[in-house]
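Hi,

Here is the structure I promised to send over. Have a look at it first, then read my notes underneath.

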Amino acid sequence: MSQDSSHLAGRGAQGPEQNCGVQVVIARDADELAEIAADVFRDRVLARPDLAMAVPAGRTPRRMYARMATLQARDPVEYAHMRIFAVDELCPPAPADGYFWSQIRREFLSWAPVKPEHCHPFRVDAPDLEAMCREYEETIASLGGLDLVMLGLGPNAHLASNEPGSAFDSITRPVRLLEESVAYMASDEANVAASPGPLAEKAVTLGLATIMRAREVVVIVSGRGKRLALQRLMDGPIGPGVPASILRGHGNCTVLADSEASG
């Protein structure tokens, strides 16, 4: 990993290992994965207080945010100057104030006092989503680009909401979600309970090219259900059929995976 990985010592984590241009760190279990991911997040903010970061949502980072909140109580990090972006967001009929962003508010921003003007959720209630996505790209560019994108990995190897078949040169845009991806999101009981109501088949997402322009990408992968997707990320054909395979061409990408996902 590009950061000092001495924090892995004594935990049983394996790594980092280099595979096809992607560095891999294997954690013993989901709890250790959360500890490692929390350390990476905090280390990046300590190194660059005005870090421009697209932060993850969904079930995989939930333990990471809980770990970060615990650490903040005894070893605080100054988050106020961060610039926060979303990775993706569901469109209405999902909540107009952000299905994924509401999780980020609950699990991160509720205790990390990032300045409101530094928070950049997707405005999915905008009348013109295409124009909103263009403005999102312009905002990222105006800040000098993303320093870090941290995100999960979909069971079908989608990255953000870039489903299989997404062009590698795609930028931030509205997309249509596959039925299997909507069903997977609906199985996240914590988010569904916090934001009840119908989910959407349409989303807005950072494009694959947008993610690849970030100076660093960290992918968090947990659970046996992600094992095949992780294998497809690391090995096999590189192409739009496996969106995450594009990361093998990134010069600074790390996969953090637990033993269930890594096999």
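Below is what turned up, starting with the empty space inside and moving on to the packing.

Keep in mind that this is a predicted model. A search of the whole structure turns up one cavity of 30 Å³ or more, and about 410 Å³ of space lies in it. Its lining is made of 26 residues, and if you want to find the centre, look for Ala-57, Gly-58, Phe-100, His-158 and Tyr-184, which lie nearest to it. Three elements give two or more residues to that lining: α3 (99–109), β7 (148–152) and α5 (179–186). The largest share, three residues, comes from α5. By type, the lining splits into 13 nonpolar, eight polar and five charged residues.

Now for the packing. Nonpolar side chains tend to be buried together in soluble globular proteins. Here the largest nonpolar core has 74 residues, and Phe-41, Tyr-79, Met-82 and Phe-108 touch the most other members. Helix α1 (residues 30–47) gives the largest share of this core, seven residues. There's also a second, separate core of ten residues, with Tyr-99, Val-182, Met-185 and Ala-200 among them.

Try clicking on Phe-108: leaving aside neighbours within four places in sequence, its contacts include Phe-41, Tyr-79, Met-82 and Val-114.

One last thing: is Glu-107 buried or exposed? Glu-107 sits in helix α3 and counts as buried, because its relative accessible area is 15%, and the cut-off for buried is under 20%. Not counting residues up to four places away in sequence, Glu-107 touches Arg-62 and Tyr-65.

Cheers

Conventions
Residues numbered from 1 in each chain as written. Predicted model: local features only at pLDDT ≥ 70, side-chain atom pairs only at ≥ 80, totals over all residues. Heavy atoms only, no water. 1 Å grid on protein atoms, 1.4 Å probe; cavity = no way out; pocket = protein on both sides within 12 Å on 5 of 7 lines; lining within 4 Å. Points joined across faces, edges and corners; volume = space filled by probe spheres on them. Helix = DSSP H or I, 4+ residues; strand = E, 2+ residues; numbered from the N terminus. Nonpolar A, V, L, I, M, F, W, Y, C, P; charged D, E, K, R; others polar. Buried < 20%, exposed > 50% of the residue type's maximum accessible area, 1.4 Å probe, protein only. Contact = heavy atoms within 4.5 Å. Core = buried A, V, L, I, M, F, W, Y, C linked by side-chain atoms within 4.5 Å.
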